[in-house]
Amino acid sequence: MRVVTLDAEDDFDGWRDAVRGLVLDHIPPAQVVWQVGDGPGELFVGMTHQPPREGAFSVPRPFIDLARNAILHSDRERFALLHTLLVRLRDHPKLMDDQADPLVCRLEGFAKAVRRDIHKMRAFVRFREMSDDGGTRYIAWFEPEFHIVRANAAFFVNRFASMRWSILTPDVTIHWDGKRLTEGPGASKADAPDGDPVEAVWKTYYASIFNPARVKVGAMLKEMPRKYWKNMPETALVPQLIASAQARESEMVTTAKAKIVPGSNIAAAWAVLREEAMGCTRCHLYKHATQTVFGEGPVDAEMMFVGEQPGDQEDLSGHPFVGPAGQMFDRALGEAGVDRARVYVTNAVKHFKYELRGKRRIHSKPDAGEITACRRWIDQELALVKPKMTVALGASAARSLLGKTVTISRERGRVIELPDGGGAAWITVHPSYLLRLPDEAARHEEYAKFVADLRAAAAAI
Ligand code: URA
């Protein structure tokens, strides 16, 4: 019997080094005991802590991706199951494509649960403001289901690079001082502070994005499991928001929209929303895109423009409508007398979807599922900005805003109402449609109609 001792529950590198040696030495999975830290190794004869073994063999990339995530699961058999799969892959290199294989299925299930936990941590960590000798420090308490904290640390370092923060969890604590990431032993909830001024921002954010016409308690619980509620200041508002939903719905329809001062809590709430969207994994598109391209513009804009999805240049720069379609859009806005600096510009889908042709990334239309997955962001942008007029540029934007497929030529040219008290909207073509028209005369004619639409939408406010 071989005993392999890994340094930690999430010690992927240790597992990889060890399993390489085991496979090269033809040690079958049944003859290996995996343990973490100081396990009951003395019960076994021939116990070794293997040094990395020289030698190599190729492993399919999807297996490595699967193993990196699955190893963070808490199932004690995960190390052995991954070893077994690795051995089987040597005889059946295509095994990873066999989604009906029980072992592949089980490990995919582990990886999926881990990815979900990673996402939950990104979405539900709430920092409380504290001061210590070094100045302000933000502290959060979080209870992950799996061993994901170290794997998630880079995300928090990137997102909150300029803050000093600590995330406390039962197994490990991680600390960022603006330059260096360090870790310490696990903590308890009592070590984390309760309520502070940052809560005001979360509460404003949540109260403003709460759309009473869309209260679906089941869906809310799915997105924000009760387990995390106790750490999230905004959830204290939920019962009261649901109770007053009816009243707020009619108020929302009839009340004039309040003027928002940039720099106020709405701006902070928008920043929080954008931050959250940066870690979005609600559909698969995040995997191949460079980054989330969130909406931009003043949070008190009277007009919001919604495109389809970022293109190649938007994906690289992180800003909406900066490529060829964006330049066409800017020119048309100018001719319609609308100042781009005063409008809010966003997209129905926030990640670039494309197909590779050689080295070129060719735009590919988002499907209904991708548009629906991204609705969460556009709904909240609308709820925060509360534009007097929302212009849908093209069919995907119209589908996202209206929740159904519409024919642009039929809806164009008049103000329509968005569902759920979402306000006035105007539907027109997407600027890239104009770029694609092969005939010069048709292009001129369609461009003039587009400018006329923008002008009419602005005038209808
Ligand atoms: N097309 C869009 O719909 N949005 C962009 O941001 C760029 C091109």
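# Contacts, cores and ligand shell

User: Leaving aside its neighbours within four places in sequence, which residues is S400 in contact with?
Analyst: In this predicted model, S400 belongs to helix 15, which spans residues 395-402. Its neighbours within four places in sequence are left aside, and the residues that remain in contact with S400 are A348, I371, R375 and I378.

User: Does S400 count as buried or exposed, and at what relative accessibility?
Analyst: The cut-off for a buried residue is a relative accessible area under 20%. S400 falls under that cut-off and therefore counts as buried, its relative accessibility being 1%.

User: How far apart in space are S400 and C374, C-alpha to C-alpha?
Analyst: Along the sequence, S400 and C374 are 26 residues apart. In space, taken from C-alpha to C-alpha, the separation of S400 and C374 is 8.4 Å.

User: Which two residues touch the most other members of the largest nonpolar core?
Analyst: The largest nonpolar core holds 60 residues, and its largest share, eight residues, is supplied by helix 14 (residues 368-385). A second core, separate from this one and made up of 54 residues, includes V32, F57, L86 and F142. Within the largest core, the residues that touch the most other members are F305 and V391.

User: Leaving aside neighbours within four places in sequence, which residues is V391 in contact with?
Analyst: V391 is one of the two residues that touch the most other members of the largest nonpolar core. In general, nonpolar side chains of soluble globular proteins tend to be buried together. With its neighbours within four places in sequence left aside, V391 is in contact with M303, M304, F305, V306, W426, T428, L454 and A457.

User: Which residues are around the ligand?
Analyst: Sorted by class, the shell around the ligand consists of three nonpolar, five polar and two charged residues. By name, the residues around the ligand are G307, E308, Q309, P310, G311, E314, P320, F321, N347 and H430.

User: What is the distance between an oxygen atom of the ligand and an N or O atom in the side chain of H430?
Analyst: The ligand has polar contacts with several residues, among them F321, where a polar backbone atom is 2.8 Å from a ligand oxygen. At N347, a polar side-chain atom lies 2.7 Å from a nitrogen atom of the ligand. For H430, where the protein atom is a side-chain N or O and the ligand atom is an oxygen, the distance is 2.6 Å.

User: What percentage of the accessible area that the ligand has on its own does the protein cover?
Analyst: On its own, the ligand has an accessible area of 230 Å². The part of this area that the protein covers comes to 93%.

User: Which residues of helix 5 are buried?
Analyst: Helix 5 runs over residues 149-159, and the cover over its buried residues includes helix 4 (102-124), strand 5 (165-168), strand 6 (172-176) and strand 7 (181-185). In an α-helix there are 3.6 residues a turn, so residues three or four places apart point the same way. The buried residues of helix 5 are V149, N152, A153, F155, F156 and V157.

User: What is the relative accessible area of D117?
Analyst: D117 is found in helix 4, and its C-alpha atom is 10.0 Å from that of E143, 26 residues away in sequence. D117 is classed as buried because its relative accessible area is 2%.

User: What is the phi of K386, a residue other than glycine?
Analyst: K386 is placed in the loop between helix 14 and strand 12 (389-393), where it counts as partly exposed because its relative accessibility is 34%. Most residues other than glycine have a negative phi. K386, by contrast, has a positive phi, near 45°.

User: What is the phi of D420, which is not a glycine?
Analyst: D420 is found in the loop between strand 13 (416-417) and strand 14 (424-428), and it is partly exposed, with a relative accessible area of 31%. Although D420 is not a glycine, its phi is positive, at about 55°.

User: What distance separates the C-alpha atoms of E411 and I427?
Analyst: E411 lies in helix 16 (residues 408-411) and counts as buried because its relative accessibility is 18%. With its neighbours within four places in sequence left aside, E411 is in contact with V406, I416 and I427. E411 and I427 are 16 residues apart along the chain, and their C-alpha atoms are separated by 6.5 Å.

Methods: Residues are numbered from 1 along each chain as its sequence is written. This is a predicted model: local features need pLDDT of at least 70, side-chain atom pairs count only at pLDDT 80 or more; totals for chains, interfaces and linings use all residues. Side-chain values use heavy atoms; hydrogens and water are left out. A nonpolar core is a set of buried Ala, Val, Leu, Ile, Met, Phe, Trp, Tyr and Cys residues joined through side-chain atoms within 4.5 Å. Buried means under 20% relative accessible area, exposed over 50%, partly exposed in between (1.4 Å probe, protein chains only). Helices (H or I, at least four residues) and strands (E, at least two) are DSSP runs, numbered from the N terminus. Contact means heavy atoms within 4.5 Å. A residue is near a molecule or strand if one of its heavy atoms lies within 4 Å of it. A polar contact is a pair of N or O atoms within 3.5 Å; within protein, one must be able to donate a hydrogen and the other to accept it, and residues adjacent in sequence count only if both atoms are side-chain atoms. Accessible areas come from the Shrake-Rupley method with a 1.4 Å probe; for residues, only the protein chains shown count as cover. Ala, Val, Leu, Ile, Met, Phe, Trp, Tyr, Cys and Pro count as nonpolar, Asp, Glu, Lys and Arg as charged, and the others, Gly among them, as polar.
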